[in-house]
Amino acid sequence: MALRIAVVAHLRHPIATPFMGGMEAHAWHLVRGLRARGHQVTLYAAGDSDPDFRIHPIIARHYDQDYPWHDFHGTDVLNAVLDDAFARCTEALDRGGHDIVHNNSLHRFPPRHAFANRMPMVTSLHVPPFDGLRRAVQDSAAPWSRFTVCSAQQAGLWWPAGAPESAEVVGNGIDLRLWPFAPTGDGSAVWAGRITPTKGTHLAAQAARIAGVPLTIFGTIEHRDYFEDMVRPHLGGDIRYGGHLEGRELAENLGRSSVMLFTPQWQEPFGLVAIEGMACGLPVASTRIGATPEVIGDCGSFAAPDDAAGLARVLTRAMRIPRHAPRRRVERLFSLDRMLDRYEANYRQAIDAARDGIDARAS
């Protein structure tokens, strides 16, 4: 049965290509995939998101234009802007006539509103816990207010004493048609993602230089000082920056490579770019932190987060992994259809619970 679905996104960047990061890609593919399954989907997001979608603008344009993250994150100014935006968003959801809300906003208001008003909602938690949202999550779990995390490692961080019945792990999924398998590589390495300290771009450059493996870095320069101070000094020769590419062009470049470097320096919740590379046939040399071992599994090799020499060693080791193994792992665990199936099951559980009057204590 087709549903009327509201997908609520975060507001830092537009939900549009080329994606600034994994959360934008996740929301975009979620809307696109749900529409392809016949659902009526409204995207609650910044007004400069993909015009192909039915958009309810929470704010006129993404906030990083007017309140850059690195200047305003955690400030009273930005917090007030977001609180006002999501207060208006919850009011709009009340009037929207939706069967279910899929909340990806990372703001505390939507789950609290769902709990208090018996609004069927699934909230997906894409980051490690932080205080304001952690309290909202703890207070808002109910059979009609469900939660998903993208890895078991993240579930342990959000609920150290054990997740409630209304929470489960739903791994991220990608459209495998957009990340075609390439049977051979050219002997080079690739790194892709947001160029920012938590992603450890500099470590990838250091490791590739030590290992003597050519490396191309792709991605948006989110943190200009970090790029200039920590990444640019390593560029030159076989280590180069290739810019921020659209999906098809990025997939082609990934497929030409022989190995992916994935170097998070934080409690990585999942690693969408890792499975994109794996889908193209790339084994992964990764830092061992957060969910990286859970997601990459035996299709990669791992080093400590701050060990460039160790990462260089596992880089050459990972290159010996047969390319069909990463592709098969993504096909089995991380397809878009698998993710959508799991989300739809959560939607129907939340809808049924709200309709049937199930008590909150059942969560």
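A residue counts as buried under 20% relative accessible area, as exposed over 50%, and as partly exposed in between. Keep that scale handy for the exercises below, and remember that this is a predicted model.

**Exercise 1.** Decide how D356 and its salt-bridge partner R355 should be classed: buried, partly exposed or exposed.

*Solution.* Start with the contact itself: D356 pairs with R355, and their closest N and O atoms are 3.0 Å apart. Next, take the acid. D356 has a relative accessible area of 49%, so it is partly exposed. Then take the base. R355 comes out at 57%, and therefore it is exposed.

**Exercise 2.** Find the salt-bridge partners of R37 in helix α14, and work out which parts of the chain these pairs connect.

*Solution.* Begin with D337, which forms a salt bridge with R37 at 3.2 Å between the closest N and O atoms. This pair links distant parts of the chain: D337 belongs to helix α14 (residues 336-356), while R37 sits in the loop between α1 (22-36) and β2 (40-46), 300 residues apart.

Now look at D341. Its salt bridge with R37 has closest N and O atoms 2.8 Å apart. Here too distant parts of the chain are joined, with D341 in helix α14 and R37 in the loop between α1 and β2, 304 residues apart.

Finish with the accessibility of each residue. R37 has 28% relative accessibility, so it counts as partly exposed. D337, at 47%, is partly exposed, and D341, at 43%, is partly exposed as well.

**Exercise 3.** Place a four-residue group within the salt bridges of the whole structure: which residues does the network containing R12 link?

*Solution.* First, get the overall count: a search of the whole structure finds 22 salt bridges. Then trace the group. R12 is linked with D64, R194 and E222 in a network of salt bridges.

**Exercise 4.** How many residues of helix α10 are buried, and which residue just after α10 takes a positive phi?

*Solution.* Locate the helix at residues 272-279. Counting along it, 8 of its 8 residues are buried, and the helix is mostly covered. By name, the buried residues are L272, V273, A274, I275, E276, G277, M278 and A279. Last, step just past the end of α10 to reach G281, where phi is positive at about 105°.

Technical notes. Residues are numbered from 1 along each chain as its sequence is written. This is a predicted model: local features need pLDDT of at least 70, side-chain atom pairs count only at pLDDT 80 or more; totals for chains, interfaces and linings use all residues. Side-chain values use heavy atoms; hydrogens and water are left out. A salt bridge is a side-chain nitrogen of Lys or Arg within 4 Å of a carboxyl oxygen of Asp or Glu. Helices (H or I, at least four residues) and strands (E, at least two) are DSSP runs, numbered from the N terminus. Buried means under 20% relative accessible area, exposed over 50%, partly exposed in between (1.4 Å probe, protein chains only).
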